[in-house]
Structure formats: structure tokens, C-alpha cells
Amino acid sequence: MGSDRLLLTTAEAADVLGVGRTSVYALIKEGQLRPVHIGRSCRISRAELERYVNRLDAPPPAVPEGSGPRRPTPVDQPTLSTPSSGRPSVGC
């Protein structure tokens with residue numbers, strides 16, 4: 001893999017991060033990584049990988065005092081969209 005390439009396959013991105021390809025797909029599904037779609041290909045930019053790693057290094061945001069966990073409302077619950085293929089959409 002050339003270090004000068006801007007877009008990486010999910011397998012190459014997994015190698016750069018030192019995780020499995022399944023973990024990369026999970027990060028995409030969770031919205032932690034934003035893929036680039038070119039035709040039917042799913043790629044992840046080096047800049048996106050760097051953004052993700054930099055966010056891991058950042059301290060967590062301060063939580064205002066008195067704001068504990070809240071009960072989820074029906075609006076908070078995710079929904080799966082089903083494209084015309086009949087399969088749930090997962091991002092890549």
C-alpha cells in the first residue's frame with residue numbers, strides 16, 4: 001500500500017488503524033468514520049482516519065453538573081431504512 005494514496009479501502013484503513021475490517025465497518029455504521037462512495041466502491045480518506053484518531057486523543061467534553069443520563073424517547077431510537085433491495089442500509 002502506498003502511503004501517498006488519499007483514499008483507502010476498508011481493509012487498508014483497518015491496517016492503518018491496526019484493527020480488523022469488521023471494526024472499520026462498525027465505525028462507519030456508528031458514524032465515527034465517514035466513507036466516500038465512488039460508484040459502488042467504499043473508500044475512507046486518510047484525512048478522515050486522522051480526524052478520527054485526533055478525536056480519540058481529545059479529552060471528553062465536560063458534562064454540565066446535574067445532567068445525568070436521560071431516558072430515551074421514541075425519537076431517540078434509531079430506525080433502519082430499507083432500500084429497494086430489501087436489505088437494511090449499513091453505509092458501505
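# A predicted chain of three helices and three strands

Of the 92 residues of the protein chain, 16% count as buried. The model described here is a predicted one, and every value in this report was computed from it. The protein chain holds three helices and three strands, and when it is followed from the N terminus these elements come in the order β-α-α-β-β-α. Among the contacts between residues at least 6 apart in sequence, 46% join residues at least 24 apart.

## The sheet

The three strands form an open sheet in which the order is β1-β3-β2 and the pairing is antiparallel. The edge strands of this sheet are β1, residues 7-8, and β2, residues 36-38, each of which pairs on one side only. As general background, the strands of a sheet pair through backbone hydrogen bonds, and they may do so in a parallel or an antiparallel way.

On one side of β3, two bridges join this strand to β1, and the two strands run antiparallel. Here Leu7 stands opposite Ser45 of β3. The pairing of β2 with β3 is also antiparallel, and it extends over three bridges; within it, His37 has Cys42 of β3 as its bridge partner. The strands β2 and β3 form a hairpin with two residues between them, and in the turn Gly39 has a positive phi of about 65 degrees.

Ser45 deserves a second look. This residue belongs to strand β3, which covers residues 41-45, and, if neighbours within four places in sequence are left aside, Ser45 is in contact with Leu6 and Leu7. A polar atom of the Ser45 side chain also lies 3.0 Å from the backbone nitrogen of Glu48.

## The helices

How are the helices α1 and α2 placed relative to each other? Helix α1 (residues 10-17) and helix α2 (residues 21-30) pack with their axes 8 Å apart, at an angle of about 100 degrees. Because angles of 65 to 115 degrees count as roughly perpendicular, α1 is described as roughly perpendicular to α2. On the α1 side the contact is made by Thr10, Ala11, Ala13, Ala14 and Leu17, while on the α2 side it is made by Arg21, Val24, Tyr25, Leu27 and Ile28. By character, the residues of this contact between α1 and α2 divide into eight nonpolar, one polar and one charged.

In helix α1, the residues Thr10, Glu12, Ala13 and Ala14 are buried, and the buried residues of α1 pack against β1, α2, β3 and α3. An α-helix has 3.6 residues a turn, so residues three or four places apart point the same way. Helix α1 is followed by Gly18, whose phi is positive and near 75 degrees.

Thr10, which lies in helix α1, shows what such a buried position can touch. Not counting residues up to four places away in sequence, Thr10 touches Arg21, Val24, Tyr25 and Ile28, and also Cys42 and Ile44.

The remaining helix, α3, can be considered together with the sheet. The strand β1 is joined to β3 by two bridges; helix α3, residues 46-57, packs on the sheet and touches both β1 and β3, and its direction makes about 55 degrees with that of β3.

## Three helix residues compared

The table sets out three residues, each with its helix and its relative accessibility.

| Residue | Helix | Relative accessibility | Class |
|---|---|---|---|
| Thr10 | α1 | 7% | buried |
| Val16 | α1 | 38% | partly exposed |
| Glu50 | α3 | 52% | exposed |

Why does Thr10 count as buried? Buried means under 20% relative accessible area, and Thr10 is assigned to this class because its relative accessibility is 7%. Exposed means over 50%, with partly exposed in between; Val16, at 38%, therefore counts as partly exposed, whereas Glu50 is exposed because its relative accessible area is 52%.

Two of these residues also take part in pairs that are far apart along the chain. Val16 and Arg46 are 30 residues apart along the chain, and their C-alpha atoms are separated by 9.3 Å. For Glu50 and Leu17, which are 33 residues apart in sequence, the distance in space is 9.6 Å from C-alpha to C-alpha.

Conventions
Residues numbered from 1 in each chain as written. Predicted model: local features only at pLDDT ≥ 70, side-chain atom pairs only at ≥ 80, totals over all residues. Heavy atoms only, no water. Helix = DSSP H or I, 4+ residues; strand = E, 2+ residues; numbered from the N terminus. Polar contact = N/O pair within 3.5 Å; in protein donor to acceptor, adjacent residues only side chain to side chain. Contact = heavy atoms within 4.5 Å. Axes fitted to C-alpha atoms, helices over the stretch in contact; angles between N-to-C directions. Parallel < 35°, antiparallel > 145°, perpendicular 65-115°, else oblique. Nonpolar A, V, L, I, M, F, W, Y, C, P; charged D, E, K, R; others polar. Pairing = 2+ DSSP bridges. Buried < 20%, exposed > 50% of the residue type's maximum accessible area, 1.4 Å probe, protein only.
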